[in-house]
Structures are given as C-alpha cells and as structure tokens.
Amino acid sequence: MTQVGIESIGLYVPRYYVDLEDLARARGEDPRKYVAGLGQERMGVPPPDEDVVTMGANAAGEALRGVDRSRIDTLMFATESGVDQSKAAAIYVHHLLDLPAHCKSFEIKQACCGSTAALQMATAFVAQRPDRKVLIIASDVARYGLVTAGEPTQGAGAMALVVSAQPRIVALDPEWGSYTEDVMDFWRPNYLDEALVDGKYSIKVYLKALTESWKQYAAESGRTFADQDRYCYHLPFTRMAEKAHRHLAKINGVDHPPAEQIEASLRYNRQIGNSYTASLYIGLASLLETSETDLTGQRVGLFSYGSGCMAAFFSGLVLPGYAQGVQRGRAEDMLHNRQRLTIDEYEAFYLHELPEDGSRYVTETHRTGRYRLAGLDAHKRLYESCAPNRQADAPVHAVAAT
Ligand code: HMG
C-alpha cells in the first residue's frame with residue numbers, strides 16, 4: 001500500500017495578542033480561572049487587515065517552501081469563519097500563492113473538524129494518485145460575544161499541510177474512527193458574527209464523541225491505549241485536552257496517564273487560543289517542534305472534534321528526519337514577537353466593521369504577515385502581498401470607514 005502522510009507544515013498566528021490575566025481583571029474574574037482553570041495564557045487577535053484568507057496564505061507560503069508547486073493538484077481550505085458565502089477562500093489563496101491553474105481549489109466546512117475531513121479526503125486522493133500532492137489550509141478566527149463565558153476561549157491562527165506520497169514528517173495510519181450526531185452545542189447562524197455556545201454541554205458532547213470515535217478506531221486498528229506514544233486533541237483550550245486524555249485513559253482502564261503524552265502538544269495553544277480548524281494541527285506542530293525528546297518512530301493518536309457534531313480519531317507514525325522537516329523555533333519566534341493589546345485596543349479590533357454598502361474602503365495598515373486585506377471595492381475583497389512586520393511599533397487604532 002502507498003505510504004501517505006504529511007510532507008510539510010506551515011503555521012501562522014496574528015501579530016497581536018491579549019494577555020488573559022488582563023482580560024480576567026477587565027471582566028472582574030479571578031485570573032487563575034483563565035490561566036489555571038482553562039489553561040490559557042494569551043489569545044491571538046487578528047487586526048482589521050487580516051482574515052482567514054491572509055492567515056491561510058501566510059501558513060501555506062511556509063508549508064510550500066521547497067515543495068514542487070506544479071504537483072499541487074488540489075487545495076482544500078477548511079474554515080468556519082469564511083469571508084464569502086459563495087467564493088471559496090481557497091481561490092484567493094490560489095491567486096496570492098500563484099498556484100498552477102490545474103490545482104482545484106475549494107472550501108470545506110464542519111466546524112473544527114473540517115480540516116480533518118480534508119485530510120481524510122486528501123489521503124484517499126493521494127493513495128490513488130501518488131504523483132500528486134494536496135495542500136490543506138485550516139484557518140479560523142474563534143469569536144464569541146464580548147463579556148461572555150466563551151470570550152477567554154477565543155483565538156486565531158492558521159495551519160497548512162502538504163499531504164503526499166513522500167511524507168517527511170508523519171505517515172498516516174489507514175484506520176479512522178468517526179462519529180456524527182446532530183447536537184446544538186455550538187453554532188453560528190449566517191446573520192451572526194459570533195458563535196453561540198452551550199459551553200458545559202459542548203464539553204460533554206466532545207467527550208462522548210471521543211469515546212465513540214476511539215471505539216471504532218480501536219476496533220479497526222486492533223491498537224490499545226498504550227499503542228500511541230503521544231496524543232494530540234482538538235484544543236478549544238488546553239484544559240480540555242487534559243480532561244479528554246484522562247477520560248480516554250479511564251475508559252481504557254488507565255488511572256494516571258503520563259502528562260508527557262500530551263504536554264508538548266499544548267504549548268502553542270496556551271499562547272494562541274482556539275483556532276477552530278487549525279487547532280488540532282497547531283497542537284501537532286507544537287508536539288513536533290517543542291518536544292525535548294526525539295519522536296522518531298513514535299505513534300501519535302489524534303482526536304479531531306467539530307461541534308454540531310462530527311469527530312474523528314486517527315493516528316500516524318513520526319518519520320525519521322522529521323526534525324529537518326519542521327521549522328523548530330520559527331513559531332516560538334512568531335509567538336514572542338507579537339504585540340500585546342490593551343483591553344481597549346482589543347475591543348476596538350473586535351468591534352471594527354468593514355463597510356457593507358459597496359463603498360471603496362482602504363484598510364489601515366497594521367502588523368501582518370506577508371499578505372493583508374488592502375480594502376474593499378464594490379463588495380469585492382482586495383488582498384495584497386507586502387513586506388512583513390511593517391509598522392512594528394505602530395499604535396493600534398480603531399479603523400474608520402473612509
Ligand atoms: P465558565 O462557565 O465560565 O467556566 O466557562 P467554569 O466555571 O466551568 O470554569 C472553568 C474552569 O476553571 C473549571 O475547571 C473551574 O473549576 C476553574 P474544571 O472544573 O472544568 O476543571 N476555575 C478556577 N480555577 C482556578 N482558580 C479559580 C477558578 N475559577 C474557576 N479561581 C467554558 C468555561 C469552557 C464552558 C466557556 O469558556 C465556553 O463556553 N467556551 C466555549 C466553548 C468551548 O470551548 N467548548 C469546548 C468543547 S466544544 C469544542 O471544542 C468545539 C469548538 O472548538 C467549536 C468548533 O468545533 O467549531 C468550541
């Protein structure tokens with residue numbers, strides 16, 4: 001059977017963040033609730049000239065370094081915070097990255113699990129056509145109402161994976177366990193910019209979906225809990241992974257699973273927050289890039305959960321030479337070089353609205369990556385490529401429509 005897996009990865013996070021202790025104090029909460037109770041220290045916040053397209057293009061630019069673009073046959077863009085009801089975010093990225101015209105480009109949605117649906121389709125496609133490669137982009141802005149229980153579990157980020165028959169990082173196992181159930185734990189009607197959530201219920205459904213998808217994975221693969229050396233979970237906040245890992249261990253008769261099975265996978269998320277479709281794969285990048293031990297030959301179990309709900313449990317083997325394939329230190333630099341927002345500045349970004357009347361609008365320049373939303377004209381989004389980190393020390397302003 002053709003070995004299929006992840007050939008390269010790229011990650012992007014916005015250049016601004018909110019410190020969760022600042023947010024807790026502003027909301028009259030004990031900072032320990034956010035830092036210890038939820039396990040989050042910071043959350044990424046995109047400025048008005050970034051969105052899922054620009055974040056996704058930045059991550060994909062990283063993932064495509066050294067990859068033969070002419071062999072990228074398909075671009076699947078997973079998001080639940082897309083910018084258009086019809087045109088796929090993938091098409092904008094296809095243009096920004098100058099991908100070949102034969103590369104099919106489309107968007108996929110099922111909450112945080114859309115990226116995993118893309119990965120499963122990509123593996124099947126590559127197994128059939130081993131000469132082709134698939135680019136998957138997962139990019140999201142997690143957004144709840146201001147002063148709600150969900151607010152400290154916001155965040156933003158993008159992840160890109162090149163899936164091919166020449167994997168250099170992780171070879172995926174063929175067994176997948178899946179679970180689908182119609183539930184209302186988290187949703188966002190078309191007329192709202194913020195997600196609605198039944199928070200405590202969403203945690204219960206997450207754990208039920210973990211149990212059910214694990215059962216199918218274990219039955220199909222014949223593997224036990226001990227057969228995975230490391231675990232990566234969908235990360236709405238890092239304490240969720242701790243709960244999930246204890247839960248999975250318990251249903252498999254293990255009382256105290258070693259913390260190191262998940263610890264390294266949580267590090268980036270603690271600084272970024274939820275990034276919906278990207279979150280599981282940012283956890284995987286965090287594991288591969290920050291683990292103190294050599295992971296070669298270790299099996300990683302991955303659990304993807306998308307509210308509503310659909311879930312999947314699957315696994316992969318870390319390949320020899322993976323450390324040369326990942327970019328150790330690059331994400332940590334990106335995380336350390338962000339600008340801290342005051343709560344007023346964060347709220348100004350949050351409340352900023354693009355015009356909806358078709359007027360011409362030029363977006364104020366903030367700190368971004370290589371791509372930014374330059375503005376709008378006649379209801380069309382205008383993107384541009386630019387030098388990164390311009391105006392590194394520029395003050396943050398609310399942006400007024402012109
Ligand atoms: P809450 O009700 O404000 O918080 O909302 P809480 O009272 O449950 O407290 C949180 C934790 O902090 C608890 O720990 C408290 O004990 C602890 P636990 O009991 O669970 O172990 N705590 C403290 N610890 C130390 N010192 C203190 C202190 N006070 C309290 N002083 C909730 C929390 C997560 C529900 C809320 O933030 C929320 O609704 N978030 C959004 C929904 C969410 O993230 N759900 C997760 C599962 S669903 C999912 O992952 C899918 C998703 O990504 C969407 C998609 O698929 O597209 C969200």
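How many nonpolar, polar and charged residues does the lining of the second largest pocket have? I looked this up before anything else, and the classes came out as 15 nonpolar, eight polar and four charged. A reminder to myself: this is a predicted model.

**Entry: the pocket**

I put the volume of the second largest pocket at about 590 Å³. Its lining runs to 27 residues, and the ones closest to the centre are Thr-153, Gly-199, Ser-202, Ile-203 and Phe-237. Next I checked which elements build that lining. H2, H6 and H7 each bring at least two residues. H6 has the largest share, with five residues.

**Entry: who sits there**

What takes up the space of the second largest pocket? I found the ligand there. I then listed its surroundings: 26 residues surround the ligand, and Lys-33, Glu-80, Cys-112, Ala-149 and Lys-243 are the closest.

I sorted that shell by class too, and got ten nonpolar, nine polar and seven charged residues. For the pocket lining I had noted 15 nonpolar, eight polar and four charged, so I'm keeping the two lists apart in my notes.

**Entry: polar atoms around the ligand**

I went through the side chains one at a time.

- Lys-243 has a polar side-chain atom 2.4 Å from an oxygen atom of the ligand. Lys-243 is also among the closest residues of the shell.
- Asp-30 has a side-chain N or O atom 3.0 Å from a nitrogen atom of the ligand.
- Asn-274 has a side-chain N or O atom 3.0 Å from an oxygen atom of the ligand.

How much of the ligand does the protein bury? Taken alone, the ligand exposes 1,100 Å², and the protein buries 76% of that.

I also asked which elements give two or more residues to the shell. My list reads helix H2 (31-37), helix H6 (199-221), helix H7 (238-251) and strand S13 (299-306). H6 gives the most here, four residues. H6 also held the largest share of the pocket lining, so that helix gets a mark in my margin.

**Entry: the cavity**

Rolling a probe the size of a water molecule over the atoms shows where empty space is left. With a cut-off of 30 Å³ or more, I counted one cavity. Its volume is about 100 Å³.

Which residues line the largest cavity? I wrote down Ile-9, Gly-10, Leu-11, Glu-62, Met-159, Ala-285, Glu-289, Gln-327, Arg-330, Ala-331 and Met-334. Strand S1 (5-12), helix H9 (279-290) and helix H11 (330-336) are the elements that give two or more residues to this lining. By class I have six nonpolar, two polar and three charged residues for the cavity.

**Entry: backbone oddments**

Last, I looked at the backbone. Gly-308 and Cys-309 are joined by a cis peptide bond, with omega at about 0 degrees. I placed Cys-309 in the loop between S13 and strand S14 (310-318). S13 is already in my notes as one of the elements that give two or more residues to the ligand shell.

Asp-98 also got a line. Its phi is near 55 degrees, a positive value in a residue other than glycine. I found Asp-98 in the loop between helix H4 (89-96) and strand S5 (104-108).

Terms used: Residues are numbered from 1 along each chain as its sequence is written. This is a predicted model: local features need pLDDT of at least 70, side-chain atom pairs count only at pLDDT 80 or more; totals for chains, interfaces and linings use all residues. Side-chain values use heavy atoms; hydrogens and water are left out. A residue is near a molecule or strand if one of its heavy atoms lies within 4 Å of it. A polar contact is a pair of N or O atoms within 3.5 Å; within protein, one must be able to donate a hydrogen and the other to accept it, and residues adjacent in sequence count only if both atoms are side-chain atoms. Accessible areas come from the Shrake-Rupley method with a 1.4 Å probe; for residues, only the protein chains shown count as cover. On a 1 Å grid over the protein atoms alone, a cavity is a set of points where a 1.4 Å probe fits but cannot get out, and a pocket is an open set with protein on both sides within 12 Å along at least five of seven lines; lining residues have an atom within 4 Å of a point. A molecule sits in a cavity or pocket if more than half of its atoms lie within 2 Å of its grid points. Ala, Val, Leu, Ile, Met, Phe, Trp, Tyr, Cys and Pro count as nonpolar, Asp, Glu, Lys and Arg as charged, and the others, Gly among them, as polar. Grid points are joined across faces, edges and corners, and a volume is the space filled by probe spheres set on the points.
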